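Before turning to individual residues, it helps to settle how the elements of a fold are counted and then to take in the overall dimensions. Please keep the sequence and the coordinates side by side while reading.

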Amino acid sequence: MSESMKSIKEKLALAQSVEELLAFRTQFETDDRKSVQAIVLSADKKRKALEAELARINEMKKYEREYAAFGAICGIDEVGRGPLAGPVVAAAVILPKDCNILYLNDSKKLTEKKREELYDIILRECIAYGIGMRDAARIDEINILQATYEAMRDAVAALDVLPDVLLNDAVTIPGLSMKQVPIVKGDAKSISIAAASIVAKVTRDRMMVLYEEEFPGYGFASNKGYGSAAHIQALKELGPTILHRRSFIGNFIEI
């Protein structure tokens, strides 16, 4: 007796690995019902997409493989260097050597929903993570680059495990003794940096949503402190908050 369409669809939904999807095809490829063959085609598309993602993630492990002999590898990234308001936030993440988290990427290339999903997975599966940040006042005092370096050093210091190698998104962080590997566009080339990018982004975005409640009118929940037209107009009408970087907003209002 042929399986019901509902049962077949449920089996496809449960098939999450390449092996399971191949087994699904083997089981149903001889079923001559057109509706079943359409599901088999869907399974093939799902498998090919998964194979492509596995290949992409494997390529993103290039630096992790290259420096594995040095010991614990930590990815570093920051978010919030460009906004008019809010802190700059850095994250440091040490992933396990056998890490197979799919869809890791530069946080800017991911939807908010996917970032939130991956954030939970990263924190659950990582060996250690640390967060560092600097507020607007400190950014104004020492400039955004130096404030970013301070946040990055704090993120490393917050780790429960001391890393042997830092994979950084394009920078070399002063004041750290361990080996550093700066990688241009590293958040799209290294799973460790991508993971740090996502953790930093979600951490900062959640903060800006809360700041919207404390400082209404600027649209922080949506613009995250960046210079949208509505944010700039609110800045002109309401004036700056303690979250605003005086060194950044002089082009829009008198300081």
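Helices and strands are here DSSP runs, with at least four residues for a helix (H or I) and at least two for a strand (E), and both are numbered from the N terminus. In this predicted model, the secondary structure of the protein comes to eleven helices and five strands, and by that numbering Met133 is found in strand 3, which covers residues 128–134.

Consider the overall form. The radius of gyration of the protein is 23 Å, whereas a compact globule of 255 residues would have a value near 18 Å. Along the principal axes, the C-alpha atoms fill a box of roughly 80 × 50 × 25 Å. Buried residues make up 48% of the 255 residues, and among the contacts with a separation of 6 or more, 64% are between residues 24 or more positions apart. The accessible surface comes to about 13000 Å², and 54% of that surface belongs to carbon and sulfur atoms. As for charge, the protein has 35 positive and 37 negative side chains, and the centres of the two sets lie 5 Å apart.

With that frame in place, we can return to strand 3. Met133 has a relative accessible area of 32% and is therefore classed as partly exposed, since that class lies between the 20% and 50% limits. If residues up to four places away in sequence are not counted, Met133 touches Val88, Val89, Ala151 and Met207. Met133 is also 53 residues from Gly80 in sequence, while the C-alpha atoms of Met133 and Gly80 are 9.7 Å apart in space.

Ile191 offers a second view of how parts of the chain meet. Ile191 is placed in helix 8, which covers residues 191–214, and at 4% relative accessibility Ile191 counts as buried. Which residues is Ile191 in contact with, leaving aside its neighbours within four places in sequence? The contacts are with Ile57, Met60, Lys61, Glu64, Leu95, Cys99 and Leu104. Ala90, at 101 residues from Ile191 in sequence, lies 16 Å from Ile191 in space, C-alpha to C-alpha.

The loops deserve the next look. Asp31 has its place between helix 2 (18–28) and helix 3 (34–59), and Asp31 is buried because its relative accessible area is 16%, the limit for that class being under 20%. The side chain of Asp31 makes a polar contact of 2.8 Å with the side chain of Arg33. Not counting residues up to four places away in sequence, Asp31 touches Val36 and Gln37.

Two further loop residues are best read through their backbone angles. Most residues other than glycine have a negative phi. Lys185, although not a glycine, has a positive phi of about 55°, and Lys224, likewise a residue other than glycine, has a positive phi near 55°. Lys185 is in the loop between strand 5 (179–183) and helix 8, while Lys224 lies in the loop between helix 9 (220–223) and helix 10 (229–238). Are these two lysines buried or exposed? Lys185 is exposed, because its relative accessible area is 61%, whereas Lys224, at 11% relative accessibility, counts as buried.

How values were computed
Residues numbered from 1 in each chain as written. Predicted model: local features only at pLDDT ≥ 70, side-chain atom pairs only at ≥ 80, totals over all residues. Heavy atoms only, no water. Rg over C-alpha atoms; globule rule 2.2 N^0.38 Å. Buried < 20%, exposed > 50% of the residue type's maximum accessible area, 1.4 Å probe, protein only. Contact = heavy atoms within 4.5 Å. Areas by Shrake-Rupley, 256 points an atom, 1.4 Å probe, with all protein chains shown as cover. Lys, Arg positive; Asp, Glu negative; His and termini not counted. Charge placed at Lys NZ, Arg CZ, Asp CG, Glu CD. Polar contact = N/O pair within 3.5 Å; in protein donor to acceptor, adjacent residues only side chain to side chain.
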